[in-house]
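Dear colleague,

Here is the structure for your files. My notes on what turned up in it follow below.

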Amino acid sequence: MPGAAAREWLAAREAELLPVPYFHQVFTLPAQIADIAYQNKAVIYDLLFKASAETMLIIGADPEHLGARVGFISVLHTWGSAMTHHPHVHMIAPGGGISPDGTRWIACRRGFFLPVLALSKLFRRLMLEKLAAAHKAGRLRFFGEHAPLSRARAFARFLAPLKETDWFVYSKRPFSGPKAVLAYLARYTHRVAISNRRLIAADASGVTFTYKDYRIEGPGRYKRMTLETGEFIRRFLIHVLPKGFHRIRHYGLLASGARAENLATMRIVIAMAAPASQKNDAGKPDALAAAAPVRLCPCCGSPMLIVETFEGSCRRRRPAPARTRIDTS
């Protein structure tokens, strides 16, 4: 079960869920960059967040793909199932976005959000550009076998092969519903490296825990591993983030500054786009119908909210003007 902080955070996110499918993307750093990320956690993890977020926003806004302003939650993971160093960002996004003029909801195709190939290529370019800029600005530090990378030419040679290799952006099938979104968040947002339920034993021989072998399908992929106590502690400490570093971030329409306003707008335009059958199912009031506006503002084109209604027989009447008597005697 998630702790108090996780429960509080999840309750806030539950209130923000939209009545649309949600999609799951994963942006992973290549092993070569993961190696230097361990020595530059704050800088490179931050660049991973920024490059992956910019990629989603740019591809989402491209008219050849979705052509909309999108929003998503990003969560940093730095571990694999065996607690090895494996930096990647999980993203959860509503399946669509708001049109550039802010007047309508643009839904993605059924079962498909954004193209993986386009995401991968742009993510690779943006991440490599940001790494080169960080090195030029003197923000990266290198130690041990990586010490030569402190020189500009050596770092350029280090990055060169990565421009030609495939970078993996994984797009998982959409979640089955809001409950599935929250179940996913509960498992991954507020823990580090390993959960208590995976720990099997701890004794003089070391620490035993379960892990998942992703190369195998089926029940056989779940295995046990025993690590010497010092090695187990070392692997765990790899994933302790720098003080003050935020592992959960919100972008686009879900960015903190305007999230409440954008969520209200998204609910309105989603309601406008929903078929009538979805607005009232079996006579039950639906959240979409409750949020539906009557018209767009003739001045700015934005959706207008109903604040008060009057029945036809209850029109307000203006009070009769007071009569003034004039004495002409």
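Of the 329 residues of the protein, 44% count as buried. Please keep in mind that this is a predicted model. The accessible surface comes to about 19600 Å², and carbon and sulfur atoms make up 55% of that surface.

As to the fold, the secondary structure comes to 10 helices and 12 strands. Among contacts in the protein with a separation of 6 or more, 67% are between residues 24 or more positions apart.

Two of the helices show how burial is arranged around an axis. The first one to look at is α1, residues 4-14, where Ala6, Trp9, Leu10 and Arg13 are buried. Seen down the axis of α1, these buried residues fall within an arc of 100°, so they line one face of the helix. Ala4 and Glu8, on the other side of α1, are exposed.

The other is α7, which spans residues 229-238 and has Phe232, Arg235 and Ile238 buried. The three cover an arc of only 120° around the axis, which puts them on the same side of α7. The cover over the buried residues of α7 includes the helix α3 and the strands β3, β7 (199-203), β8 (206-212) and β9 (222-227).

Helix α3 (residues 41-61) also holds Thr55. Is Thr55 buried or exposed? Its relative accessibility is 0%, and buried means under 20%, so Thr55 counts as buried. Leaving out residues up to four places away in sequence, Thr55 touches Phe27, Leu119, Leu122, Phe123 and Leu126.

Last, the empty space inside. The structure holds 1 cavity of 30 Å³ or more, and about 130 Å³ of space lies in the largest cavity. There are 14 residues lining the largest cavity, and the closest to its centre are Glu16, Leu17, Tyr22, Ile73 and Leu254. The elements that give two or more residues to this lining are β3 (85-94), α6 (178-188) and α8 (259-273). What kinds of residue make up the lining of the largest cavity? The lining divides into 10 nonpolar, 1 polar and 3 charged residues. Strand β3 thus comes up twice in these notes: it gives residues to the lining of the largest cavity, and it is part of what covers the buried residues of α7.

Regards

How values were computed:
Residues are numbered from 1 along each chain as its sequence is written. This is a predicted model: local features need pLDDT of at least 70, side-chain atom pairs count only at pLDDT 80 or more; totals for chains, interfaces and linings use all residues. Side-chain values use heavy atoms; hydrogens and water are left out. On a 1 Å grid over the protein atoms alone, a cavity is a set of points where a 1.4 Å probe fits but cannot get out, and a pocket is an open set with protein on both sides within 12 Å along at least five of seven lines; lining residues have an atom within 4 Å of a point. Grid points are joined across faces, edges and corners, and a volume is the space filled by probe spheres set on the points. Helices (H or I, at least four residues) and strands (E, at least two) are DSSP runs, numbered from the N terminus. Ala, Val, Leu, Ile, Met, Phe, Trp, Tyr, Cys and Pro count as nonpolar, Asp, Glu, Lys and Arg as charged, and the others, Gly among them, as polar. Buried means under 20% relative accessible area, exposed over 50%, partly exposed in between (1.4 Å probe, protein chains only). Contact means heavy atoms within 4.5 Å. Accessible areas come from the Shrake-Rupley method with a 1.4 Å probe; for residues, only the protein chains shown count as cover. The arc is that of the directions from the helix axis to the C-beta atoms.
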